[in-house]
Each structure stands twice: as C-alpha cells, then as structure tokens.
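Reader: Hi! I am new to reading protein models, and I would love a close look at one part of this one. Could you pick a spot where helices pack and walk me through it and what surrounds it?

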Amino acid sequence: MDTTYLKENQDRFLTELIDWLRIPSVSADPKFHGDVLKAADYLKARFEEVGLDNVELCPTAGNPIVYGEKIVDASLPTVLVYGHYDVQPADPYELWDSPPFEPVIKDEKIYARGACDDKGQVYMHVKALEVMKQAGEFPCNIKIMIEGEEEVGSNNLGIFVRANKEKLKADVILVSDTGMLANDSPSIEVGLRGLSYHEVEVTGPNRDLHSGLYGGAVANPINVLCKMIASLHDENNHITIPEFYNNVTELSTEEREELNRVPHSDDEFKKSIGLPDVYGEKGYTTVERVGIRPTLDVNGIWGGYTGEGAKTVIASKAYAKISMRLVPNQTSDEITALFQKHFTSIAPSGVTVKVKPHHGGEPVVTPTDSVAYKAAADAMETTFGKRPIPTRGGGSIPIVAMFKTELGLDTVLLGFGLDSDAIHSPNEHYGVFNFMKGIETIPHFYHNYAAAMK
C-alpha cells in the first residue's frame, strides 16, 4: 500500500482527532450527556465523509450507536468493526498536566481523555477507510458499529445486537480497543479476562457519632469495611472467597512457558509505575498475574469526614467499589453470587451490609489459527517488519464474549495502545506513531482477509 496519502494528510488526521477529543463524552456522568450525543454526531459526520453508506445514529435506551457500512459485493466476506466513543471520567482533574479535554501533542504523544481508549483507536479505522477510498480499494464488505456506553457496561449493546442480527451479519469482528507490547514488539491479544464489579455499603449507627462519646462501644463501619476487605486475600495473595477458583482453567507447564516468552522485564515494569517491587499471587510471574490469573481489587473506598482539618466522627456508613477480573472458565454470574454470599457472611453483628452488583463480562480466548488472526498478523508484520506475538490481556471487553454468543463470530483484537498510555488515569495519551501505524495497518488486514477468504 502506498503511504504517500497517509503521510501527506497526517496533520489533518491529527487535527480531526483532537477536535473529537475536545468533546467530553463521559458516559458515567449525566452532566456530560449532551456532550456524549455531540461526540456521536461528530463521528456520524466523519462516517459520511469517508464514503460509508446507510450511516445512522441507532437509538437505544441509553446513548446512540453510530453505524455505517460499505457493501461492495454480497459475495465478498464482511468485517464488522466495533469500538466506543464514550470515555472514562477524567477525575481527579488536578493530577493532569494539561486539561483532559484540551488535547495537546507533547513528545509525539496526544494527551487527552480518550486519546487511546478508545477515540484514538476508533479514529484509526475511520481514517483507514478514507485511505482506502482515496486508493479506490475496498477488498471486502465493511460494517462499523461504534457505541457510547462501553465505559458503563454496554448495557444496551446486547439488546441492539439481538434485535439487529441481520443488519450486523458478518464473517468476523475487528476491534481496536487493546494494546501491544511495545512499538518495536508488535503483538495481538488473544485472551481477555472477564469482570464482576460491585459496590458495597456497610452501615453501623443510625447517624454519625462523636468518636469520644461512642468510640470503643460501637462498630465503626469504616474499620469494619477495611477488615472485611483485608480478609479477601490470604498471606499468598490468594483470594479467600470459597469456591472462587473452582472453575479456573489451569494452564499446562508448556503453555505457561510459552506465555512467559513475551519480552518483559520486572525492573522496567516497576520503574514505569514508580514501585519498589512487584506484588501479587505467589507462584506466578508478573506476566501470568496480569493475563491468566483472576484478581480482586478495591477500586474506591470512602466514608466519614474527608474534608480539610479534623472532625472526630464515627461514620454511619462506609462504602467501597470492588472488582474481580475473571479467567476461563469462570462466569460473571457465578462470581457475583459467590462474592455477595461471602461478603455478607463475614460481616460482624454490629453492622449491616449491602452488596450492589454493577456490571460484568465474560472472559474469552480467541483462536490463533483462524484466517482472520493470520490476516491481522500478516498485516502487522508488513507494517512493523516483525511478526506479532500472541498475548493474553489483563483487561476486559465483555462484548467479545457477547458477540460470540449472539452472532457466532470470533473477534480479532488488533490494538495499537501501550500499557504506558495511562488509560483510565490522569494524563492518558496515545502515540502519534501508534495512531498512524494503525491507519497504515488496518487496510492490509482487509486485503489479507479478503484474499484468504476467496
């Protein structure tokens, strides 16, 4: 593929992405709802500009899904592209070096909320279509569906998919919402962990109490919550919920050795996030801990007085958000039930506990011997000059399992982000190199896939 057009238009492509990143499409916060809709409108206009047909905003009970397609010939294979235009909340704003919705390019990186997850990676697909249109080359049929609720659990996507199976009929799904090992070590994720996410509430007295008058005579919900959370791991960082590991698929020695062949340095890992040492479940490497082992983490904890100065109270309530990453063959329903049962059972008699499940998703492993995987690997080898390494990702994309169940389709996770891109964190960024390399690589995937499916 001739990259002249791509190079000549790099600045414009980046400017368009920056314009989109300026729209704070935070799906979790209702005050940004108008901006979420504005981001969908922006994407719809770009779909139309690159020549997609039947472009529409598909309504759901929540945020709309932006859809478009290029049907070249019914006899050709069809690729369904998925991504999301909503972004994580940018809080805490004060930890950003530049405002999260005022994008800047520094050191060849685009800094903004959503730069990598997932607006930057979605926009690679839009511009790849423009490159293909300019060259007059659409080797297969392409459908593209970008949702606005991924960061809050994709509650309406499954409903939409089930109601539109004919519209979404395809041969494979292509997703760029993942990462690779490094710019000089391309990789393709072939496994993702599932998710079970909860909010817990511990209630003690019927009001906040004076800690001098009542301290020592009542159960302090914050103290109790901390003890309950601490008990969820043992001294080996093994999760203590009964039956939690019953269905965990254990990899063979050979499979673990193969997994650990990926380029990884614990020293570089520690340095990149400012830690003195690695930490995790005993008996497993860092690569295994983030790829093939289930986890339990507290994502937020609060209660009592947290303002300036001192206020000596025993809080009436304490809260935490707790998530568990799951591996094959665990299911989110199974783990949700086990967590609810266990967490309420370990509460002392002086408090009451509520467990509110939020959203979940299923773990998935995608085949590495498929036509689509080979097409993606060949595309990366063409543009990077190296064969990509298959890896297991620690994150969750619940819709991958849903696509398999509802549409019967496997997914290729052709992502170009890096672990260092700080997604979900302050100062999220995405490399200009990665953005442009994605635009260059995606058309090769289409050509390779179409040729192999003849």
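Author: Happy to help; what follows starts with one pair of packed helices and then moves on to rings, buried residues and unusual backbone angles. Please keep in mind that this is a predicted model, so each value below is computed from it.

Let us begin with the helix pair. Two packed helices are described by the angle between their axes and by the distance between those axes. Here the pair is helix 4 (residues 119–135) and helix 14 (residues 432–452), whose axes come within 8 Å and cross at roughly 55°. Because of that angle, helix 4 is oblique to helix 14. The crossing of these two helices is right-handed. If you want to find the contact in the viewer, look on helix 4 for G120, Y123, M124, H125, K127, A128, V131 and M132. On the helix 14 side, the contact is made by N434, F435, G438, I439, I442, P443 and Y446. What kinds of residues are these? Between helix 4 and helix 14, the contact residues divide into ten nonpolar, four polar and one charged.

Now look at Y123 of helix 4 again, as it leads us to the rings. Ring pairs link Y123 with W20 and Y42 into a cluster. Across the model, the count comes to twelve aromatic pairs. One of them is formed by W20 and Y42, which are stacked, with 6.3 Å centre to centre and 10° between the planes. W20 sits in helix 2 (residues 10–21) and Y42 in helix 3 (residues 33–49), so the pair links distant parts of the chain, 22 residues apart. Are these two residues buried or exposed? W20 has 0% relative accessibility and therefore counts as buried. Y42 is buried too, with a relative accessible area of 15%.

A second ring pair makes a nice companion. The rings of F32 and F101 have centres 6.5 Å apart and planes at 45°, so this pair is tilted. F32 lies in the loop between helix 2 and helix 3, while F101 lies in the loop between strand 3 (78–84) and strand 4 (104–106), so the pair ties together parts that are 69 residues apart in sequence. Both F32 and F101 are buried.

The loop that holds F101 is worth a longer stop. S98 lies in the loop between strand 3 and strand 4, and S98 is buried, with a relative accessible area of 11%. Which residues does S98 touch? Leaving aside neighbours within four places in sequence, S98 is in contact with V104, K106, Y111 and N427. You can also see the chain coming back on itself here: the C-alpha atoms of S98 and P426 are separated by 9.4 Å, with their positions 328 residues apart along the chain.

N427 itself has something to show you about the backbone. Most residues other than glycine have a negative phi, and most peptide bonds are trans. N427, however, has a positive phi near 65° and is not a glycine. This residue is found in the loop between strand 17 (411–413) and strand 18 (429–431). At 16% relative accessibility, N427 counts as buried. N237 is another such case, with a positive phi of about 60° although it is not a glycine. You will find N237 in the loop between helix 7 (221–230) and helix 8 (253–259), and at 16% relative accessibility N237 counts as buried.

Where are cis peptide bonds found? One joins D91 and P92, with omega about -5°, and P92 lies in the loop between strand 3 and strand 4. Another joins D117 and D118, with omega about 5°. D118 lies in the loop between strand 5 (109–111) and helix 4, which brings us back to the helix we started with.

For a last look, try helix 13 (residues 399–407). Seven of its nine residues are buried, so helix 13 is largely enclosed by the rest of the structure. The buried residues are I399, V400, A401, M402, F403, E406 and L407. Just after helix 13, G408 takes a positive phi of about 70°.

Definitions and conventions. Residues are numbered from 1 along each chain as its sequence is written. This is a predicted model: local features need pLDDT of at least 70, side-chain atom pairs count only at pLDDT 80 or more; totals for chains, interfaces and linings use all residues. Side-chain values use heavy atoms; hydrogens and water are left out. Axes are lines fitted to C-alpha atoms, for helices over the stretch in contact, and angles run from 0 to 180 degrees between N-to-C directions. Helices (H or I, at least four residues) and strands (E, at least two) are DSSP runs, numbered from the N terminus. Angles under 35 degrees count as roughly parallel, over 145 as roughly antiparallel, 65 to 115 as roughly perpendicular and the rest as oblique. A crossing is left-handed if the near helix is turned anticlockwise from the far one by less than a right angle, and right-handed if clockwise. Contact means heavy atoms within 4.5 Å. Ala, Val, Leu, Ile, Met, Phe, Trp, Tyr, Cys and Pro count as nonpolar, Asp, Glu, Lys and Arg as charged, and the others, Gly among them, as polar. Rings of Phe, Tyr and Trp (its six-membered ring) pair if their centres lie within 6.5 Å; planes under 30 degrees apart count as stacked, over 60 as edge-to-face and the rest as tilted. Buried means under 20% relative accessible area, exposed over 50%, partly exposed in between (1.4 Å probe, protein chains only).
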